[in-house]
Amino acid sequence: MNLTEKYAPIATKLSIGQYCPPKCFELSGKQFRFIMDTGEETGDITLDFKDETTVAFSVQNGKRAGEAKYECRKGDDWTYLVTYCLYDPRENHTFVIDREQGLVTFLRCPMGENPYYPYLIDSHWTFGYIYEEGKEHKDYRRHGFTDDVVGTGIKWTYGHELSTVHCYYSSNWYRIGYPKDEIRTKEQAEQNNSFREAMAALPGPDEPAYYVKIKEGMYLVSVTEQNMEKILADKLGFRSDTLCFLDNWNRMYSVGRGYGTWTREGQDGEIFVMIGKYGSPVEIDDHFFDDPCPYLV
């Protein structure tokens with residue numbers, strides 16, 4: 001029996017989630033109070049992890065509260081990426097819980113805030129620390145935005161037939177490309193070609209990005225396909241997907257989540273997928289770093 005022939009097609013169907021690590025259940029039974037004192041939505045946040053799948057939450061000082069099904073993955077021994085989705089209205093909440101430094105980052109991604117583009121997803125950031133009973137938090141440092149990653153180009157591999165090239169050329173933007181010299185199957189070639197054809201209809205492969213430094217060698221990178229949504233709408237089937245990755249540069253490894261909407265034949269469905277990927281340096285043409293952003297004056 002050839003196991004590759006048997007299982008490779010099954011693995012391929014997992015797409016961007018093929019190399020995602022197993023779920024992390026270490027937070028089950030734990031409760032957290034976060035003092036979010038920096039950013040857009042300051043105030044207390046509480047997370048009560050009821051079990052391996054359910055979290056009770058209160059965010060924005062109780063503006064949204066309830067229970068949700070959560071996913072958890074680890075970026076290193078002490079750092080957790082936690083995410084869940086809400087409905088009516090739709091939005092995604094993603095946390096980086098940094099138990100090593102006692103810090104936390106909260107990313108809220110709502111849909112529908114832009115009246116011209118109802119599928120568009122926005123990003124709201126808040127930073128703070130983990131409250132500990134009877135212990136004063138005296139460190140005023142927080143996770144925060146950074147330009148450390150600017151000038152970096154890397155190939156990220158998500159599965160045995162799926163990889164992309166990311167060019168971090170600005171503190172607020174990134175560009176995406178696709179490797180040309182690693183095509184192994186007809187299906188992979190067709191997929192890459194379809195993406196390239198779609199990109200050709202855009203002024204450029206640029207999308208807004210946020211880069212947050214968590215600690216030395218670890219960054220949370222968030223990108224959202226806003227320009228693709230504005231110009232192509234449902235032509236690709238993906239609608240303003242937002243992806244955030246907890247990149248561990250010490251290990252050249254990353255965990256993340258994808259959130260958004262797919263539209264096919266007039267029907268919408270939710271995209272919510274956990275992602276794992278590993279990185280390798282790659283040569284990128286200088287113009288990927290030097291070309292001006294076509295979406296800015």
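Let me start with Asp44, which at 28% relative accessibility counts as partly exposed, and I should say at once that everything I describe comes from a predicted model. The partner of Asp44 is Arg33, and their side chains meet in a salt bridge, with 3.0 Å from N to O. Arg33 is likewise described as partly exposed, its relative accessible area being 34%. Because Arg33 lies in strand 1 and Asp44 in strand 2, this pair ties together parts that are eleven residues apart in sequence. As a general reminder, side chains of opposite charge can pair when their charged atoms come close.

How many salt bridges are there by this rule? The count comes to 20, and I will pick out a few of them. One is formed by Lys50 with Asp48, where the closest N and O atoms are 3.0 Å apart; here Lys50 is partly exposed, at a relative accessible area of 46%, whereas Asp48, at 17% relative accessibility, counts as buried. Another joins the side chains of Lys135 and Glu132, at 3.7 Å from N to O, and in that pair Lys135 counts as exposed, with 53% relative accessibility, while Glu132 counts as partly exposed, with 40%. There is also a network of salt bridges, in which Glu41, Arg64, Glu91, Arg108 and Glu113 are linked.

Turning now to the interior, the largest nonpolar core has 23 residues, and the members that touch the most others are Phe34, Leu47, Phe49, Val82, Tyr84, Phe95 and Ile97. At least two residues of this core come from each of strand 1 (31-39), strand 2 (43-49), strand 3 (54-59), strand 4 (64-76), strand 5 (79-86), strand 6 (91-98) and strand 7 (103-110). Which strand gives the most to this core? That is strand 5, with four residues.

Tyr84 deserves a moment on the screen. If we leave out residues up to four places away in sequence, Tyr84 touches a list that includes Leu47, Val55, Phe57, Val59 and Ala68, and also Phe95 and Phe272. Glu91, which I mentioned as part of the salt-bridge network, is among the residues that Tyr84 touches as well, and so are Lys69, Asn92 and His93. Apart from this largest core lies another one, of 22 residues, among them Ile154, Leu162, Ile176 and Leu243.

For those of you who will ask about cysteines, the count of disulfides comes to zero. Why is Cys20 not bonded to Cys72? The closest cysteine sulfur to that of Cys20 is the one in Cys72, and at 11 Å it is too far for a bond, given that a disulfide requires sulfur atoms within 2.5 Å. Cys167 is in no disulfide either, the nearest cysteine sulfur being that of Cys293, 12 Å away. As to their surroundings, Cys20 counts as buried at 19% relative accessibility, a value that falls under the 20% cut-off, and Cys167 counts as buried at 1%.

Finally, let me go to the surface and to the start of the chain. Met1, Leu3, Tyr7 and Ile10 form a nonpolar patch there, and together they have about 490 Å² of accessible area. Of these, Ile10 lies in helix 1, which covers residues 3-13.

How values were computed: Residues numbered from 1 in each chain as written. Predicted model: local features only at pLDDT ≥ 70, side-chain atom pairs only at ≥ 80, totals over all residues. Heavy atoms only, no water. Core = buried A, V, L, I, M, F, W, Y, C linked by side-chain atoms within 4.5 Å. Buried < 20%, exposed > 50% of the residue type's maximum accessible area, 1.4 Å probe, protein only. Contact = heavy atoms within 4.5 Å. Patch = residues over 30% accessible without salt bridge, like charges linked within 9 Å, V, L, I, M, F, W, Y side chains within 5 Å. Areas by Shrake-Rupley, 256 points an atom, 1.4 Å probe, with all protein chains shown as cover. Salt bridge = Lys/Arg side-chain N within 4 Å of Asp/Glu carboxyl O.
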